[in-house]
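Trainee: Can we go through this model together? I'd like to start with a single residue and work outwards.
Mentor: Fine, put it up.

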Amino acid sequence: MTKPLLVILLLLPLSVRAADAQDQFVNLLDTITLVRSGVSLKSETSESHTVPDVDWTPPANVEWIQHDFNASGDRLCDAADGFCAGWLETASQECKDNFRFGDSEQDTQTRLEYESCVYEMVFRPYLSMTVDRKASKLTDSQKENAARLKALGWNQPSAQAVAFRVASDIPEPIVEASKEGMFAAIDLLGNYGPLRVYIVGNDLNEAEDLADDFCDFNYPPDQKEYCLTDQGEAIREMAYIYPGGNGFQQSSWTLDAPVQSFVHNPYADENNQHSTDKDELIRDRQVNAHEYFHVYQGAHNVYRGADDSAFGWATTRWVEEGSAVYFEQLISERSNWQTHSDISARVRNDLIAMKAFTTQFPGVSMRDVDTSEQTERLLSYCGELCIGQLQYEFGHIAFQYLAVKTSEDKVLFDYWDEYTELGWANAFVKVFDQSIEDFYTDFEAFLLLSVDEQLDVLGIDP
Ligand SMILES: [Zn+2]
């Protein structure tokens, strides 16, 4: 069956207490089908803004992995033999035995299974790909999509209240906290939709019913079967496999009457039991607010259906996730779910994580995920976890930085208002009054500061 065009599915909640961030991230990546379409790779010349290899010294006793990253002729790192990655001397034998670079199906499969092994490696400085960051001309089909969506009121606040579909096995405090998060976000940003929120528990029969409702709501009747094997399956898996704390948002914009949805599976422990611990309820509020921010982004996105190689219309990942994490933090403090010092701790943790990232993946930057071609290229270098950090930690701090340099209102409202007509890239230039390249250069200079200096720039007490 043809891949349904109606789904732009993305967006994973999460953000997190630093300790289990990686685990949660792995869960999500396993659970969620990213429906960004595939791209073909082609060779490109490289930018040389990155750390030149001559100034970079690898840690002691690295065991270089015999994989030529430069074999295609596209230079990913500056090594004569193309060996860009190596095992740290502390790397586990299990990782060394199992993790494989390469394009074969088996390499890809085991690499996914062992993806956290990248944290036991070091990479040579990454050579970024040159990109022309000029928004591409709108196609007729994008214009038609926009005219249709606007005529249907897609980008305007809706009179229809958010609807919840809740599995009956979820403890009431979790349901209440989830709704509280959703309502707080709607109060602040406006009511977009029509939106249906699905809260999936651990009971498979209950999850079946939710999957059925989800597929009826988000797909035309002739694609329901497809949905049941795709997002429907993801909903079932949430109930029985994953320990929870995950979800996804979906904008079903090709329907005659377009709708939005968010599916949330609250945290459950290794015995698949929900917890109503205070911290878990805070997470439930935040995840719902975070995902509502994706609904809000989705509502402001009308020039849909851009070609994969088009620039400026498919929102770059760090903008998409970074702004949602920024929002979840802001609303957490405003609504008194967390204290200012909790919020500051998260910023500090992310800054520290970014320092570690830069040591491990030198030269890799937010500038490397603006297009799907760049993203595929980086994916072949350091994998999804590395891209995930650019989306979440780097994206979060980038929006903190933008808010300090400009204002909260610009980040929360003005940017998205302009985004509707201009797309993510031109709206950025207009609202933040800076070219994207200049912002990257600025932000990379900020990243070189010490954590204390960075906190100072962000207006946070060290
Ligand atoms: Zn997200």
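Trainee: Is E225 buried, exposed or partly exposed?
Mentor: E225 counts as partly exposed because it has 13 C-beta neighbours inside 10 Å. Buried takes 20 or more other C-beta atoms within 10 Å of the residue's own, exposed 12 or fewer, and partly exposed is in between, with C-beta atoms placed from the backbone.

Trainee: Which helix does E225 lie in?
Mentor: Helix α7, residues 224–229. Helices are DSSP runs of H or I with at least four residues, strands are runs of E with at least two, and both are numbered from the N terminus. E225 is also 9.7 Å from D212, C-alpha to C-alpha, with their positions 13 residues apart in sequence.

Trainee: What kind of model is this, and how are residues numbered?
Mentor: It is a predicted model, where local features need pLDDT of at least 70 and side-chain atom pairs count only at pLDDT 80 or more, while totals for chains, interfaces and linings use all residues. Residues are numbered from 1 along each chain as its sequence is written.

Trainee: What is the mean pLDDT?
Mentor: It is 87 for the protein, and 88% of the residues reach 70 or more. pLDDT is the predictor's confidence in each residue, from 0 to 100. Among the elements, strand β5 (residues 163–166) has the highest mean, 98, and helix α1 (residues 21–31) the lowest, 31.

Trainee: Where does pLDDT stay under 50?
Mentor: Over residues 1–48, for which the model has 90 contacts beyond four places in sequence. A contact here is two residues with C-beta atoms, placed from the backbone, within 7 Å. Where pLDDT is low, the predicted coordinates should not be read in detail.

Trainee: How many helices and strands in the protein?
Mentor: There are 15 helices and eight strands. Of the 462 residues, 43% count as buried.

Trainee: On to the core. Which residues have the most contacts inside the largest nonpolar core?
Mentor: V200 and I235, in a core of 98 residues. Such a core is a set of buried Ala, Val, Leu, Ile, Met, Phe, Trp, Tyr and Cys residues joined through C-beta atoms within 7 Å. Helix α12 (residues 372–405) gives the largest share of this core, 12 residues.

Trainee: What is I235 in contact with?
Mentor: Leaving aside neighbours within four places in sequence, I235 is in contact with V200, A207, L210, A211, F214 and V263.

Trainee: Next, strand β7. How many of its residues are buried?
Mentor: Strand β7 (residues 246–252) has seven of its seven residues buried. N246, F248, Q250 and S252 point one way, and G247, Q249 and S251 the other way.

Trainee: What does β7 pair with?
Mentor: β7 pairs with strand β8 (residues 259–265) in the antiparallel sense over seven bridges. Two strands pair if DSSP finds at least two bridges between them. The two form a hairpin with six residues between them, and the bridge partner of N246 in β8 is N265.

Trainee: And the sheet with β3, what is the strand order?
Mentor: The order is β2-β3-β4, an open sheet of three strands with antiparallel pairing. β2 (63–64) and β4 (121–123) stand at the edges with a single partner strand each, so one side of each is left without a neighbour in the sheet. β3 (residues 85–87) and β4 pair over three bridges, and G86 stands opposite V122 in β4.
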